[in-house]
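Work through the exercises below with the model open beside you, and try each task before reading its solution.

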Amino acid sequence: LNAGAATLSYTFTTAGTHNITASYGGDANNASSTSTALSQTVNPAATATALAVSPGVVKSGQTVTLTATISGGVNPTGTVAFMDGTSTILAGVSISNGIASINATFSTAGTHSLTAVYSGDANNATSTSPATNLDVATDTITYFHNDVEDTPLAATDAAGNLLWNESYRAYGDPLALSPAVPSPPGVPPPPPGLHRRDLPWA
């Protein structure tokens with residue numbers, strides 16, 4: 001006591017309602033006494049959740065590691081739910097030393113907005129990580145259209161859409177000469193269509 005008053009600074013480690021009393025022990029000239037209970041509400045401690053995604057760009061079906069880290073609070077326990085937009089990838093992942101981690105695969109191409117949601121516990125408030133984008137690509141199929149000498153003339157995608165084409169003519173495609181060149185005497189003109197010329201080595 002100091003001038004009839006006693007002061008104590010105290011940190012509560014559990015959330016909830018606490019009924020606090022002060023008890024005076026008395027002395028040789030004064031009787032002991034106990035104060036009326038004072039109700040003190042302690043809210044759960046604030047937490048922050050961060051999400052790491054590795055790697056940040058993958059192909060469809062490739063494994064991705066998602067790691068949630070819970071900071072702040074008082075020895076946070078509980079679980080983490082990993083989310084892809086509003087869809088749950090996996091929920092109920094236990095925290096160990098403030099960290100929860102899973103491996104996941106994505107079959108849909110495009111940009112996925114991923115978050116980690118900490119459930120909170122009796123003494124720690126829930127929290128959600130900022131969104132982290134994951135880009136998922138798919139293998140691209142290209143069909144090449146070649147002439148008889150295997151020279152590419154055009155390319156199309158899997159749906160048959162033209163991607164590019166060349167302006168040169170295919171090997172064996174007859175040329176229309178102007179004026180027309182007559183065949184030598186006794187040699188018939190070639191039939192229409194593509195022709196391949198095989199010559200022996202000298």
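The exercises that follow move from the whole chain to its backbone details.

This is a predicted model, in which local features need pLDDT of at least 70 and side-chain atom pairs count only at pLDDT 80 or more, while totals for chains, interfaces and linings use all residues. Residues are numbered from 1 along each chain as its sequence is written, and side-chain values use heavy atoms, with hydrogens and water left out.

**Exercise 1.** Describe the chain by its secondary structure, burial, contacts and surface.

Solution. Begin with the DSSP runs, where helices are H or I runs of at least four residues and strands are E runs of at least two, numbered from the N terminus; the chain has zero helices and 16 strands. Next, take burial, with buried meaning under 20% relative accessible area, exposed over 50% and partly exposed in between (1.4 Å probe, protein chains only): of the 202 residues in the chain, 19% are buried. Then turn to contacts, defined by heavy atoms within 4.5 Å; among those between residues at least 6 apart in sequence, 46% join residues at least 24 apart. Finally, the Shrake-Rupley method with a 1.4 Å probe gives the chain an accessible surface of about 14000 Å², and carbon and sulfur atoms account for 54% of that surface.

**Exercise 2.** Trace how strands 14, 15 and 16 are connected.

Solution. Two strands pair if DSSP finds at least two bridges between them. Strand 14 (residues 142–146) and strand 15 (residues 152–157) meet this with five bridges in the antiparallel sense, and Phe-144 lies opposite Ala-155 in strand 15. Five residues separate the two strands of this hairpin, and Asp-150 in the turn has a positive phi of about 65 degrees. Strand 15 also runs antiparallel to strand 16 (residues 162–165), with three bridges joining them, and here Thr-156 faces Leu-162 in strand 16. This second hairpin has four residues between its strands, with Gly-160 in the turn at a positive phi of about 90 degrees.

**Exercise 3.** Locate the unusual backbone geometry in the loops.

Solution. As a reference, most residues other than glycine have a negative phi, and most peptide bonds are trans. Asn-75, although not a glycine, has a positive phi of about 45 degrees; this residue sits in the loop between strand 7 (64–72) and strand 8 (79–84), and Asn-75 counts as exposed because its relative accessibility is 67%. Asn-97, again not a glycine, has a positive phi of about 55 degrees and belongs to the loop between strand 9 (87–94) and strand 10 (99–104); with a relative accessible area of 78%, Asn-97 is exposed. Last, the peptide bond between Ser-54 and Pro-55 is cis, with omega about -10 degrees, and Pro-55 lies in the loop between strand 5 (47–54) and strand 6 (57–59).
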